[in-house]
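Dear colleague,

I am handing over a structure for your attention. Please look at the sequence and the coordinates before reading the notes below them.

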Amino acid sequence: MKAVFLDKDGTLVDDLPYNVEPQRITLCNGAGPALRLLSRLDYRLFVVSNQAGIAFGRFGEGAMETVHDRLQDLLFREHLTLDGFYYCPHHPDGSVGAYACDCHCRKPMPGMLLQAARDHGIDLRSSWMVGDILHDVEAGNRAGCRTMLIDNGNETEWRLGPRRIPTRMAPDLYAAAVLIASHGDMA
């Protein structure tokens with residue numbers, strides 16, 4: 001199985017920091033057609049998202065179920081399904097003890113992608129990580145995926161390194177899907 005791992009905020013949905021209110025969660029422009037294209041190419045769709053708001057006490061971990069349900073609903077309206085939803089509740093500077101730690105799941109670490117691969121039998125070399133910051137790219141590269149940076153202005157640090165160079169770059173999710181489609185299965 002091959003997959004496209006999608007960062008949530010700023011890649012799949014409009015970026016509203018620490019938002020867990022369902023009515024305020026909206027797909028990015030062009031996300032529906034982009035994901036339909038990828039789905040037709042037999043890519044399974046997975047969300048992998050850092051959710052530091054849990055570690056900082058802005059919302060409880062239970063809010064992620066509501067967010068997941070909202071994403072499922074939005075994608076259902078687009079005739080799509082989400083094959084998996086993974087999130088990291090940790091942050092080393094967090095204020096909620098159980099979540100205030102370093103971990104292997106918080107991007108740029110690859111833990112969420114590796115867990116999804118184990119859970120679903122995903123071939124990481126045939127898969128893509130798509131995100132709007134270089135932490136997403138690094139997580140994908142560490143996991144052995146090809147990587148796509150959505151260059152929409154959300155990356156502000158531009159700390160480059162060997163694991164932080166994307167396979168490709170695109171201005172939005174639809175352009176990213178077209179590039180993935182044109183890239184084929186070449187590693």
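The notes that follow describe what was found in this structure.

Please bear in mind throughout that the model is predicted.

Pocket and cavity

The largest pocket holds about 730 Å³ of space. Its lining consists of 28 residues, and those nearest the centre are Asp9, Asp15, Asn50, Arg106 and Ile133. Three elements each contribute at least two residues to this lining: strand E2 (43-50), helix H2 (52-55) and helix H5 (134-143). Sorted by class, the pocket lining comprises twelve charged, nine polar and seven nonpolar residues.

The structure also has one cavity of 30 Å³ or more, with about 40 Å³ of space in it. The residues lining this cavity are Lys8, Asp9, Val13, Asp14, Leu16, Asn19, Arg24 and Ile25. Four of the cavity-lining residues are charged, three are nonpolar and one is polar.

Arg24

Arg24, one of the residues that line the cavity, is found in the loop between E1 and helix H1 (31-40). Is Arg24 buried, exposed or partly exposed? Its relative accessibility is 38%, so Arg24 counts as partly exposed. Leaving aside residues up to four places away in sequence, Arg24 touches Leu16 and Asn19, and both of these also line the cavity. Gly97, by contrast, is 73 residues from Arg24 in sequence, and the two C-alpha atoms are 29 Å apart in space.

Aromatic pairs

There are two aromatic pairs in the structure. Phe5 and Phe46 make up a tilted pair, with 5.8 Å from centre to centre and 40° between the planes. Because Phe5 belongs to strand E1 (residues 2-6) and Phe46 to strand E2, this pair ties together parts that are 41 residues apart in sequence. Both Phe5 and Phe46 are buried. Phe85 and Tyr87 form another tilted pair, at 6.1 Å centre to centre and with 45° between the planes. Within this pair, Phe85 has a relative accessible area of 14% and is therefore buried, whereas Tyr87, at 23% relative accessibility, counts as partly exposed.

Helix H5

H5, which supplies at least two residues of the pocket lining, is mostly covered, with seven of its ten residues buried. The buried residues of H5 are Leu134, Asp136, Val137, Glu138, Ala139, Gly140 and Ala143. They pack against helix H4 (111-120), strand E4 (128-131) and E5. Gly144, just after H5, takes a positive phi of about 95°.

Thr147

Thr147 is placed in strand E5 (residues 146-150). How much relative accessible area does Thr147 have? The value is 0%, so Thr147 is buried. Its side chain makes a polar contact of 3.3 Å with the side chain of Asn141. Not counting residues up to four places away in sequence, Thr147 touches Trp128, Met129, Val137, Gly140, Asn141, Ile165, Pro166, Thr167 and Arg168. Among these contacts, Val137 and Gly140 are buried residues of H5, a helix whose buried residues pack against E5.

With kind regards

Notes: Residues numbered from 1 in each chain as written. Predicted model: local features only at pLDDT ≥ 70, side-chain atom pairs only at ≥ 80, totals over all residues. Heavy atoms only, no water. 1 Å grid on protein atoms, 1.4 Å probe; cavity = no way out; pocket = protein on both sides within 12 Å on 5 of 7 lines; lining within 4 Å. Points joined across faces, edges and corners; volume = space filled by probe spheres on them. Helix = DSSP H or I, 4+ residues; strand = E, 2+ residues; numbered from the N terminus. Nonpolar A, V, L, I, M, F, W, Y, C, P; charged D, E, K, R; others polar. Buried < 20%, exposed > 50% of the residue type's maximum accessible area, 1.4 Å probe, protein only. Polar contact = N/O pair within 3.5 Å; in protein donor to acceptor, adjacent residues only side chain to side chain. Contact = heavy atoms within 4.5 Å. Phe/Tyr/Trp six-rings, centres within 6.5 Å; stacked < 30°, edge-to-face > 60°.
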